[in-house]
Amino acid sequence: MSVKEALLKTLAENKDSYSSGAALAGKLGVSRNAVWKAVKSLEADGYSIESVTSKGYRLSADNNRLSEKFISAKLTAKSLGKSIKVYDEIDSTNSAAKEMGTAGAAHGTVIIAEKQTMGRGRLGRTFVSPSGTGLYMSIIIRPEINLEDAGFITSTAAVAVAEAVEKLIDREVQIKWVNDLYMNERKICGILTEASLGLEMKSLDMAVIGIGINVRSVKDVMPEELSSIATSIEDETGIAVDRNELCAEVLNRLEYWLDKIESHEFLFEYRRREYLTGKLITANVGGETLVGNALGIDNNANLMIELPDGEIRHLGSGEASLCRVKK
Ligand code: BTN
């Protein structure tokens with residue numbers, strides 16, 4: 001580890017207090033001048049470091065830059081996040097993760113970007129991914145689970161992200177079936193899981209869980225046509241959540257739930273946050289449009305919808321939204 005990396009790690013671990021140049025020099029085993037040079041180099045990289053005479057150095061509270069060191073400092077997960085790669089700009093973290101996974105990248109490898117130029121959403125859509133406001137991350141997993149449980153990966157990820165966000169803002173977040181997170185009726189997060197099967201198609205070789213969260217205000221960067229359906233955590237709460245902390249917390253919660261995916265316990269957490277349940281909805285499933293009452297989530301994480309003739313359908317995939325009453 002270079003002096004600069006070691007300094008960043010130490011400052012990230014001691015975010016709430018100042019560390020004197022002498023103490024840092026002693027800890028890192030270098031001269032005070034080398035510490036000063038490393039501070040300047042970190043500042044040149046975009047990190048904001050407070051320097052106070054007689055107190056020393058401290059990372060500014062609002063260090064809005066994604067960094068492997070900041071994330072690792074908050075990580076309790078053992079396998080997820082063992083290797084973290086942060087890019088300033090990339091086409092799509094999911095595309096990169098799929099390539100890396102195919103080339104043999106280990107379980108738990110995480111790819112993150114400040115900005116995506118071709119962020120991908122479900123159903124072939126684009127995921128708008130401007131710089132500095134979002135958390136765009138893809139996690140390569142190679143879980144030893146049967147194919148039936150592999151179908152629950154996206155739902156467990158939705159629960160993990162909801163819990164991570166809630167921990168940092170102390171407010172409840174809703175999950176809109178299948179995989180969107182909502183606050184105040186608008187989307188703050190989408191999840192795109194892409195899997196590859198083993199040769200005999202009986203087991204999961206690898207899956208890439210792609211998570212896109214609008215964290216900081218998107219008011220000035222979100223295209224006009226999306227403003228009625230998408231929002232951000234900051235725009236809804238006024239809280240400027242630290243994206244590094246959020247990233248670590250997502251990985252912590254995701255590891256917890258993936259480890260017990262076979263118990264299906266996550267369903268309880270999914271159900272109690274599900275946004276469509278009890279409402280009149282419209283769903284598009286394989287080209288068919290259904291209108292009915294959303295009854296809830298069944299044991300396979302399918303959405304149950306009751307049609308006007310009383311028939312109950314269990315939807316495994318598709319797109320659903322509230323029926324808006326026209327005034
Ligand atoms: C959706 O809402 O339809 C899913 C959006 C998923 C977006 C994330 S951002 C990180 C990862 N990389 C991508 O290209 N997509 C996912």
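Hi everyone, let's start at helix 2: what covers its buried residues includes helix 1 (3–13), helix 3 (32–44) and strand 2 (56–59). Before I go on, please keep in mind that this is a predicted model.

So which residues of helix 2 are buried? Helix 2 spans residues 21–28, and its buried residues are G21, L24 and A25. They sit on the same side of helix 2, because they cover an arc of only 100° around the axis. If you like the textbook picture, an α-helix has 3.6 residues a turn, so residues three or four places apart point the same way. Now look at the face of helix 2 that is turned away from the buried side: there you'll find the exposed residues G26 and K27. And just after helix 2 comes G29, which takes a positive phi of about 70°.

Let's move on to the sheets. A quick reminder for all of us: strands of a sheet pair through backbone hydrogen bonds, either parallel or antiparallel.

One sheet has seven strands; it is open, with mixed pairing, and the strand order is 3-4-5-9-8-7-6. Which strands are at its edges? They are strand 3 (84–87) and strand 6 (174–176), and each of them pairs on one side only. From one strand to the next, the twist averages 20°.

Within that sheet, have a look at strand 5, residues 134–141, and strand 9, residues 204–214: they pair in the antiparallel sense over eight bridges. If you want a residue to click on, try Y136, whose bridge partner in strand 9 is G212.

What packs on this sheet? Helix 7, residues 153–169, does, and it touches strand 5, strand 6, strand 7 (180–183), strand 8 (186–197) and strand 9. The direction of helix 7 makes about 145° with that of strand 8.

Now for another sheet. Here five strands form an open sheet with antiparallel pairing, in the order 13-12-11-10-14. Its edge strands are strand 13 (312–315) and strand 14 (319–322), each pairing on one side only. Ignoring direction, neighbouring strands of this sheet are turned by 40° against each other on average.

How many bridges join strand 11 to strand 12? There are four, between residues 288–297 of strand 11 and residues 303–306 of strand 12, and the two strands run antiparallel. To find the pairing on screen, pick A294 and look across to its bridge partner in strand 12, I305.

That's my tour, thanks for listening!

Key. Residues are numbered from 1 along each chain as its sequence is written. This is a predicted model: local features need pLDDT of at least 70, side-chain atom pairs count only at pLDDT 80 or more; totals for chains, interfaces and linings use all residues. Side-chain values use heavy atoms; hydrogens and water are left out. Two strands pair if DSSP finds at least two bridges between them. Axes are lines fitted to C-alpha atoms, for helices over the stretch in contact, and angles run from 0 to 180 degrees between N-to-C directions. Contact means heavy atoms within 4.5 Å. Buried means under 20% relative accessible area, exposed over 50%, partly exposed in between (1.4 Å probe, protein chains only). The arc is that of the directions from the helix axis to the C-beta atoms.
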